[in-house]
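Trainee: I should like to study one part of this protein closely. Please take a single strand and explain how its surroundings are arranged.

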Amino acid sequence: QQFGAVVTFDFPAVDIMRYTALHKSAVAEAMLRFPGCVIFLAGHSMGCRGCVNVINSLAVGDALFTSLGGLVLFNYPLHPPNPSSKELANARLAPLEQLPPNIQVLFCSADNDKMSNSAGEGQLWTSMESVSQKLQAQTRLHLRQGGGHGMTLSKKDEEATAASGVSGADQDLLAAVGDFVDSLLT
């Protein structure tokens with residue numbers, strides 16, 4: 001899949017408000033470098049939270065808001081690694097609930113990610129699937145079989161696909177993102 005210009009950035013671990021400000025600054029810089037382009041924000045884990053907070057901080061007339069194609073969120077962390085309270089989990093869910101209804105979101109979630117797909121007694125959320133269906137934003141979900149929070153596959157699954165260079169799961173993930181982007185640009 002070809003996606004056009006991709007601008008990447010990485011930040012040191014900081015609190016979520018500082019992280020959001022850094023995201024907003026990087027997006028503004030990308031908009032200056034590629035004026036008139038449709039912008040898709042993507043992130044993994046805390047990067048997802050930063051992307052969502054950027055969108056929630058915008059006014060409807062902001063340049064980014066009008067040029068936004070959508071969000072691609074890889075393993076949005078619904079709760080901390082070892083959730084101790086529903087209050088902490090609610091703090092992670094609230095920004096998703098605040099996304100405007102016209103925002104398009106692709107959630108790419110691994111089925112073994114303990115931060116977004118809980119299993120077992122005492123779970124705070126059943127799955128990213130159940131959460132994404134309750135949001136006012138327009139959502140799609142791509143579930144990666146066998147992946148953990150880093151989207152990596154088990155050693156057995158990696159060995160089974162190593163000969164091809166790009167694993168079938170990675171191809172599937174790229175195809176899901178490509179289909180999402182293509183559907184919003186056509």
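Mentor: The account below begins with the whole chain and then turns to strand β1 and its neighbours.

Please keep in mind that this is a predicted model. The chain contains 7 helices and 4 strands, and along the sequence they follow the pattern α-β-α-α-β-α-β-α-β-α-α. Of its 186 residues, 44% count as buried. Among contacts between residues at least 6 apart in sequence, 75% join residues at least 24 apart. The chain exposes about 10,000 Å², and carbon and sulfur atoms supply 54% of that area.

The 4 strands form an open sheet in the order β1-β2-β3-β4, with parallel pairing. Strand β1 is an edge strand, as is β4 (138–144), for each of them pairs on one side only. Neighbouring strands of the sheet are turned by 15 degrees against each other on average, direction ignored. Helix α2 packs on this sheet, where it touches β1 and β2, and its direction makes about 145 degrees with that of β1.

Let us now look at β1 itself, which spans residues 39–44. In a regular strand the side chains alternate between the two faces of the sheet. In β1, the covered face carries Ile-39, Leu-41 and Gly-43, whereas Phe-40, Ala-42 and His-44 belong to the uncovered face.

The pairing partner of β1 is strand β2 (residues 68–74), and the two run in the parallel sense over 6 bridges. One bridge can be followed across the sheet: His-44 has Phe-74 of β2 as its partner. Phe-74 in turn stands opposite Cys-108 in β3. Strand β3 (residues 104–110) pairs with β2, also in the parallel sense, over 4 bridges.

What follows β1 and β2 in the sequence deserves attention as well. Ser-45 lies in the loop between β1 and α2 (46–56). Although Ser-45 is not a glycine, its phi is positive, at about 60 degrees. Its relative accessibility is 14%, and because buried means under 20%, Ser-45 counts as buried. Asn-75 is placed in the loop between β2 and α4 (86–98). Asn-75 likewise has a positive phi, near 55 degrees, in a residue other than glycine. At 0% relative accessibility, Asn-75 also counts as buried.

Finally, consider Phe-40, a residue on the uncovered face of β1. A search of the whole structure finds 1 aromatic pair. This pair consists of Phe-40 and Phe-180, whose ring centres are 6.2 Å apart and whose planes stand at 70 degrees, so the pair is edge-to-face. Phe-40 lies in strand β1 and Phe-180 in helix α7 (residues 168–185), and the pair therefore ties together parts that are 140 residues apart in sequence. Their surroundings can be described through accessibility: Phe-40 is partly exposed, with a relative accessible area of 23%, while Phe-180 is buried, with a value of 1%.

In review, β1 is an edge strand of the sheet that pairs with β2, is touched by α2, and is tied to α7 through the ring of Phe-40.

Key
Residues are numbered from 1 along each chain as its sequence is written. This is a predicted model: local features need pLDDT of at least 70, side-chain atom pairs count only at pLDDT 80 or more; totals for chains, interfaces and linings use all residues. Side-chain values use heavy atoms; hydrogens and water are left out. Buried means under 20% relative accessible area, exposed over 50%, partly exposed in between (1.4 Å probe, protein chains only). Two strands pair if DSSP finds at least two bridges between them. Rings of Phe, Tyr and Trp (its six-membered ring) pair if their centres lie within 6.5 Å; planes under 30 degrees apart count as stacked, over 60 as edge-to-face and the rest as tilted. Contact means heavy atoms within 4.5 Å. Accessible areas come from the Shrake-Rupley method with a 1.4 Å probe; for residues, only the protein chains shown count as cover. Axes are lines fitted to C-alpha atoms, for helices over the stretch in contact, and angles run from 0 to 180 degrees between N-to-C directions.
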